[in-house]
Amino acid sequence: MDEYSRFVDWDKMDSSLQSQDVKELTCLELPELKQLARQGYWAKNHSLRAKVYHKLLSNIPCRTVTPDANVYRDIVVKIVGKRSGSSLPLPEFVDDSLVPTYCLNAEGIGAVRKIILCIANQFPDISFCPALPSVVALLLHYSKDEAECFEQVCRILACNDPSKRLIDQTFLAFESSCMTFGDLANKYCQAAHKLMVAVSEDVLEVYSDWQRWLFGELPMVYIARVFDVLLVEGYKVLYRVALALLKFFRKVRAGQPMKSDSIQQDIRVFVRDIAKSVPPEKLLEKAFAVRLLSRKEIQLLQMANEKALQQKGITVKQKRQNVHLAVHAENFKSGIVSVKEMRDIWSWIPERFALCQPLLLFTTSEHGCSLSRFYSHSEGHEPTLLLIKTTAKEVCGAYLSTDWSERRRGGSTLSFFGTGECFVFRLKPEVERYEWVIIKHPELAKPGSETENHTSPSSSTLSSSSAPSHSSDHLSPFLSARHFKLPSQTASMFMAGSSECIIIGGGDGQALYLDADLNHGRTSHCNTFNNQPLCSESFQISLLEVWGFLD
């Protein structure tokens, strides 16, 4: 037995992890560490992993006054007294019913509660930290005593480098992370997200479990591999692994019957029993196969979602139905879509706007077929939702991220604006959402001539580049650049409007054009991805509605 075995029940562990020979780790350069962590270099040796954790945690930049092992020795008797560790109540900021044991022995199980109570004493600003029991239980495996484990966890909590954020410590951060995960699932796990929308009554409730999948249900061998990479690469690793879990759940359960009242529990059981279907290496391989997901995009989404929650006054834990919107049948009336269809659309929009209720701004049945009235009723609202019903009973629409008043910045020239959050969709005859908004045929604006783009005149698309960059730190055009004071070249352009027409870019080569009298429209379709067209190539508009988002 090595010096890090005090709290481990080796009868429940793979004994090979203690004795397998692996070379000492001499490299501390980030690129090499990332590669070694992903490969599981120190995963096969218990003692080596303990030493690596100690080095990595010692290098975390922390607040000037960070509790250490000596503080724990000074306060533990005063806080715990003579009470048994296993009977200690936990603070309110953790879930007492979800404390993983991770093959700890009886002493280790009691030590988890003692350490958490002492952390609560030293970190009064922590208001919500459901991941903490898992982190403490895991690090006890790789600590010589309780005091050392306490110090290591304190360094994680006291980290003062935003780029090295490791776990959420407030309800605001946690709730916005759930919203951010929903945004990412919507974008990077479209098939799985579509399944969640189809089988669950509240998809946001399902996604609120994403951290529980990692820090509650994943077996110890898996969460240890995730933690290896987390300490090196930071918080984005958690999103990647959770997205991979969602992808694997959809793949394994495809074709099997699922009920809305059990989907949340079904995912928990799948993650808990993941060893039956997915080895740790495959899970991490899938996690790092998610392309174009950058730390910058996650940070901006987190900021936007936190801001939305703060504006709603949601900063402490409360009943979820007060946090998330379901489109209410008694308050919703549309001449184009049903309540169920509007709820489906609501599942596609960015999470921060799911806090809002739909507000009808413009309808041709009431305001007439006038583009100027369309603009006057839509301006001042951001984002907006456009719904169109054709005389052929087709229903399509677009989510538009930017205020239509932005069209004026080009003067009399047709100018492009908007962000990559824009998308177009079809509801009838079949439901289809078109990803990655790019206009392939700007000549739609003026048949027979090229449309001018005063921002990027040489570009044939409305994005800031003709193809997405594969650089890991490239900013996806997922958020409004002006919200975060980003340079203009990082913004992507997906909407265009003038007194003569409206053009909206759609993903997979779709583009929608509406003329000035709002009676006629046409589409352009590129068959690159073999998707069905948005609607008929040329169509007559039966009814058009514009919806805003009411805070």
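In which loop does P429 lie? P429 belongs to the loop that runs between strand 5 (423–428) and strand 6 (432–434), and the legends below place this residue and others in a predicted model.

**Figure 1. Overall view of the predicted model.** The protein contains 19 helices and 12 strands, and 59% of its 551 residues count as buried. When contacts between residues at least 6 apart in sequence are considered, 75% of them join residues at least 24 apart. The protein exposes about 23700 Å², of which carbon and sulfur atoms supply 49%.

**Figure 2. Close-up of the cis peptide bond that leads into P429.** The bond from K428 to P429 is cis, with omega near 10°. Most peptide bonds are trans. K428 is the residue at which strand 5 (423–428) ends, and P429 follows in the loop towards strand 6 (432–434).

**Figure 3. Close-up of the cis peptide bond that leads into P383.** Here the bond runs from E382 to P383, and its omega is near 0°. P383 sits in the loop between helix 19 (371–378) and strand 2 (384–390).

**Figure 4. Close-up of K393, a residue with positive phi.** Although K393 is not a glycine, its phi is positive, at about 70°. Most residues other than glycine have a negative phi. K393 is found in the loop between strand 2 and strand 3 (395–400), and because its relative accessible area is 59%, K393 counts as exposed.

**Figure 5. Close-up of L518, a residue other than glycine with positive phi.** The phi of L518 is near 55°, and L518 lies in the loop that links strand 10 (511–515) with strand 11 (520–524). With a relative accessible area of 1%, below the 20% under which a residue is called buried, L518 is therefore buried.

**Figure 6. Close-up of the packing of helix 8 against helix 13.** Helix 8 (residues 171–188) and helix 13 (residues 236–253) pack at an angle of about 55°, and their axes are 11 Å apart. That angle makes helix 8 oblique to helix 13, and the crossing of helix 8 and helix 13 is right-handed. On the side of helix 8, the residues that take part are S177, T180, F181, L184, A185 and Y188, and these meet Y239, A242, L243, L246 and K247 in helix 13. The residues of this contact between helix 8 and helix 13 divide into eight nonpolar, two polar and one charged.

Note on methods:
Residues are numbered from 1 along each chain as its sequence is written. This is a predicted model: local features need pLDDT of at least 70, side-chain atom pairs count only at pLDDT 80 or more; totals for chains, interfaces and linings use all residues. Side-chain values use heavy atoms; hydrogens and water are left out. Helices (H or I, at least four residues) and strands (E, at least two) are DSSP runs, numbered from the N terminus. Buried means under 20% relative accessible area, exposed over 50%, partly exposed in between (1.4 Å probe, protein chains only). Contact means heavy atoms within 4.5 Å. Accessible areas come from the Shrake-Rupley method with a 1.4 Å probe; for residues, only the protein chains shown count as cover. Axes are lines fitted to C-alpha atoms, for helices over the stretch in contact, and angles run from 0 to 180 degrees between N-to-C directions. Angles under 35 degrees count as roughly parallel, over 145 as roughly antiparallel, 65 to 115 as roughly perpendicular and the rest as oblique. A crossing is left-handed if the near helix is turned anticlockwise from the far one by less than a right angle, and right-handed if clockwise. Ala, Val, Leu, Ile, Met, Phe, Trp, Tyr, Cys and Pro count as nonpolar, Asp, Glu, Lys and Arg as charged, and the others, Gly among them, as polar.
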